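Colleague: Please take me closely through one part of this model, the paired strands and the charged side chains that go with them, and then set that part within the whole chain. A connected account would suit me better than a list.

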Amino acid sequence: MIELGMRQKLFIDHTTDFGVYLCEEEQLGTRDADCILLPRKQVPVGAKKGDGVEVFVYKDSKDRPIATVNLPKVTLGEVAVLDVLEVTKIGAFLGWGLEKDLLLPYGEQTVRVKKGEKYLVGLYIDKSDRLCATMKVYDFLRTDSNYEEGDFVQGTVFGENADYGIFVAVDNRYNAMIPKNEMVRKLNIGDEIQARVVGRREDGKLNLSLREKGYIQMDIDAEDILRKLEKNGGFLPYHDKSSPEEIRREFGMSKNEFKRAIGRLYKARKIIITDRGIQSI
């Protein structure tokens, strides 16, 4: 069966002025062969009846199935980061490497997309039997990665839940999450990030952190605080009695991380801690 949205090998059944018609090998020469057009400009030089051709099958501007030798950036059931070329009344059109751009309907957008931006999308077949993109990629992602605790990974943010955290597609393939308590800065859907694996759940999904291991992160946090002190004339109105919300908003770290970092600086005699805040020495 010729599969829409898939890369497959089909065979030349007959030739017309428009190109060649392809079908599955076992249907070659049969009266009821299910054939599909490969336009003339895409027919390999010297190709003849019976030859196999690797093609991708999609639908043209008139909604007719058609074959192409070009390989798109995403195939059925997979995900990829694609550029928004245009935003219209029916949705956005994405560049995916084929002559006809890929529609991302409004109903499949988890945020309103912008022209020129990149987003992670999956490819599916809609109710009208057309290929479309969706930003709802959770079920497209795999849970069988080989990453272990401590590994650093690359990923794309694809979702957010205020109660749980940020959803990330590691390598744009594997399902992962940054738990709410690991969030140290604002992330938006479409952001590409580097994170550290801090665990694997029973279902295979990864838990991530944006921060280094504790003993390394403490030094990083201490340096960040010193830079902020320098920019603010050597004084900051924050101390170990400041609220966790204030600390996270100002420094992008938990209150415990802040206390450890200023403790490190105090012992190193780089700051003093007062009731009003912290001050450079």
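Modeller: Two strands count as paired if DSSP finds at least two bridges between them. By that rule strand β11, residues 152–161, is joined to strand β12, residues 165–170, through 6 bridges, and the two run antiparallel. Within this pairing, G159 has F167 of β12 standing opposite. Please keep in mind throughout that this is a predicted model. The pair belongs to a barrel that 5 strands close in the order β11-β12-β13-β15-β14, with mixed pairing. Averaged over this sheet, neighbouring strands are turned by 55° against each other when direction is ignored. As background, strands of a sheet pair through backbone hydrogen bonds, and they do so either parallel or antiparallel.

The other sheet to look at is an open one, with 5 strands in the order β3-β2-β1-β4-β5 and antiparallel pairing. Its edge strands are β3 (36–39) and β5 (65–68), each of which pairs on one side only. The twist from one strand to the next averages 55°. Inside this sheet, β1 and strand β2, residues 19–23, are paired in the antiparallel sense over 5 bridges, and T15 stands opposite V20 in β2.

For the charged side chains, I would start with D13, which is located in strand β1, residues 7–16. D13 is buried and yet has no salt bridge, since the nearest side chain of opposite charge, that of K49, is 5.8 Å away, whereas a salt bridge is counted when a side-chain nitrogen of Lys or Arg lies within 4 Å of a carboxyl oxygen of Asp or Glu. Apart from neighbours within four places in sequence, the contacts of D13 are Y21, L22, C23, Q27, L28, G29, C35 and K49. K49 therefore appears in that contact list as well as being the nearest opposite charge.

Elsewhere the structure does hold salt bridges, 11 in number. In one of them E99 is joined to K41, with the closest N and O atoms 2.9 Å apart. E99 sits in the loop between β7 (91–95) and β8 (102–105) and K41 in the loop between β3 and β4, so this pair ties together parts that are 58 residues apart in sequence. E99 is exposed, with a relative accessible area of 58%, and K41 also counts as exposed because its relative accessibility is 67%.

A second salt bridge joins the side chains of D83 and K118, at 2.8 Å from N to O. Here D83 lies in strand β6 (residues 79–87) and K118 in strand β9 (residues 118–125), so the pair ties together parts that are 35 residues apart in sequence. D83 counts as partly exposed at 25% relative accessibility, and K118 counts as partly exposed at 44%.

A further salt bridge is formed by the side chains of D203 and K205, at 2.9 Å from N to O, and R201, D203 and K205 are linked in a network of salt bridges. D203 is partly exposed because its relative accessibility is 36%, while K205 counts as buried because its value is 12%.

Two loop residues deserve a look for their backbone. D63, in the loop between β4 (52–59) and β5, has a positive phi of about 65° although it is not a glycine, and D63 is partly exposed with a relative accessible area of 36%. R269, in the loop between α3 (255–267) and β17 (271–273), likewise is a residue other than glycine with a positive phi, near 60°, and R269 counts as exposed at 71% relative accessibility.

By way of contrast, A133 belongs to strand β10, residues 131–134, and counts as buried because its relative accessibility is 0%. Leaving out residues up to four places away in sequence, A133 touches several others, among them L94, L102, V121 and Y124.

For the whole, the protein chain contains 3 helices and 18 strands. Its radius of gyration is 27 Å, where a compact globule of 281 residues would have one near 19 Å, and its C-alpha atoms fill a box of roughly 90 × 40 × 35 Å along the principal axes. Of the 281 residues, 43% count as buried.

Methods:
Residues are numbered from 1 along each chain as its sequence is written. This is a predicted model: local features need pLDDT of at least 70, side-chain atom pairs count only at pLDDT 80 or more; totals for chains, interfaces and linings use all residues. Side-chain values use heavy atoms; hydrogens and water are left out. Helices (H or I, at least four residues) and strands (E, at least two) are DSSP runs, numbered from the N terminus. Axes are lines fitted to C-alpha atoms, for helices over the stretch in contact, and angles run from 0 to 180 degrees between N-to-C directions. Buried means under 20% relative accessible area, exposed over 50%, partly exposed in between (1.4 Å probe, protein chains only). Lys and Arg count as positive and Asp and Glu as negative; His and the chain ends are not counted. Contact means heavy atoms within 4.5 Å. The radius of gyration is taken over C-alpha atoms; the globule rule is 2.2 Å times the number of residues to the power 0.38.
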